[in-house]
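User: Please take a close look at one strand of this fold and work outward from there. I would like its backbone, its pairing and its surroundings in one connected account.

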Amino acid sequence: MIIFYRGCGMLLDETPLFDPTLLQELDWSSNTVPFSPPISPAQPGEGLILRPLHTADLNRGYYKLLSQLTLAGDVTPEQFIKNFDHMRKTGDYFVIVVEDRNLGQIVATATLITEHKFIHSCAKRGRVEEVVVSDVCRGKQLGKLLVSTLTLLSKKLDCYKITLECAPNNVAFYKKFGYHASEETYMQCRFFE
């Protein structure tokens with residue numbers, strides 16, 4: 001699907017945010033979380049595909065899905081493409097989605113951001129954000145699949161650690177993947193709601 005927006009010279013197409021072979025080359029055998037029935041990045045379920053975000057996903061309900069997690073806001077195609085292009089050029093953003101091919105909709109997503117550090121011999125840190133599964137697809141292990149995939153991807157990208165922020169009621173879920181509470185206290189200063 002290619003949609004051309006007149007006057008702005010922008011395309012919503014199937015260009016991936018990052019090289020899809022990164023997902024294909026993950027060593028799924030080192031995954032430590034059980035799946036029953038078995039699923040994987042290569043076989044996420046009937047009619048489902050796990051892949052990098054595309055600009056065309058804007059028309060496949062990507063923002064509707066994000067709004068199930070938080071205030072996603074109103075975004076124009078121009079804003080979306082500009083942000084997508086920035087993320088793609090930096091090479092530090094890995095937004096994965098699960099597309100339901102039968103519905104033509106994005107039903108799950110999560111983001112891995114890599115931060116370049118001076119500490120640990122100029123190593124990278126991974127950070128998981130925006131994990132959300134559509135309310136119509138919960139119970140299909142897609143949240144587990146997203147977190148397992150990004151955890152393995154951060155290791156493949158040579159991150160020295162991977163972190164995430166979560167509500168206290170989600171701590172037990174993330175412990176399954178080897179995450180544990182750190183001694184640091186998460187603090188924030190919000191400028192916008």
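Analyst: **One strand and its surroundings**

Glu130 has its place in strand β6. The model is a predicted one, and every value below is computed from it. The backbone at Glu130 stands out: phi is positive, about 50°, although the residue is not a glycine. With a relative accessible area of 38%, Glu130 is partly exposed. The cut-offs behind that label are 20% and 50%, so a value of 38% falls in between.

Strand β6 covers residues 124-133 and is joined to β7 by five bridges, the two strands running parallel. Two positions show how the strands line up. Arg125 has Lys161 of β7 as its bridge partner, and Lys124 stands opposite Cys159, also in β7.

The pair belongs to an open sheet of five strands, ordered β3-β4-β5-β6-β7, with mixed pairing. At its edges are β3 (48-52) and β7 (159-164), each of which pairs on one side only. On average, neighbouring strands of this sheet are turned by 20° against each other, direction ignored. Helix α5, residues 142-156, packs on the sheet and touches β3, β4 (93-100), β5 (105-116), β6 and β7. The direction of α5 makes about 25° with that of β5. Together, β6, α5 and β7 make a right-handed β-α-β unit.

Ahead of β6 in the numbering comes helix α4, residues 119-122, which holds Ser121. Ser121 is another residue other than glycine with a positive phi, here near 60°. The relative accessibility of Ser121 is 74%, over the 50% cut-off, so this residue counts as exposed.

The cysteines of this region can be taken next. Searching the whole structure turns up zero disulfides. Cys122 is in none, and the nearest cysteine sulfur, that of Cys159, is 14 Å away. A disulfide requires the two sulfur atoms to be within 2.5 Å, so a distance of 14 Å rules out this pair. Cys122 counts as exposed, at 54% relative accessibility. Cys137, by contrast, is buried, with a relative accessible area of 2%.

A further backbone feature lies in an earlier part of the chain. Ser36 and Pro37 are joined by a cis peptide bond, with omega about 0°. Pro37 is found in the loop between α1 (21-24) and β3, and β3 is one of the two edge strands of the sheet described above.

The whole chain gives the context. There are six helices and seven strands, following the pattern β-β-α-β-α-α-β-β-α-β-α-β-α along the sequence. The radius of gyration is 17 Å, close to the 16 Å that the globule rule gives for 193 residues, so the chain is as compact as a globular protein of that length. The C-alpha trace spans about 50 × 40 × 35 Å along its principal axes. Buried residues make up 44% of the 193 residues. Of the contacts with a separation of 6 or more, 69% are between residues 24 or more positions apart.

Definitions and conventions. Residues are numbered from 1 along each chain as its sequence is written. This is a predicted model: local features need pLDDT of at least 70, side-chain atom pairs count only at pLDDT 80 or more; totals for chains, interfaces and linings use all residues. Side-chain values use heavy atoms; hydrogens and water are left out. Buried means under 20% relative accessible area, exposed over 50%, partly exposed in between (1.4 Å probe, protein chains only). Two strands pair if DSSP finds at least two bridges between them. Helices (H or I, at least four residues) and strands (E, at least two) are DSSP runs, numbered from the N terminus. Axes are lines fitted to C-alpha atoms, for helices over the stretch in contact, and angles run from 0 to 180 degrees between N-to-C directions. Contact means heavy atoms within 4.5 Å. A crossover is right-handed if, with the strands pointing away from the viewer, the path from the first strand over the helix to the second runs clockwise. The radius of gyration is taken over C-alpha atoms; the globule rule is 2.2 Å times the number of residues to the power 0.38.
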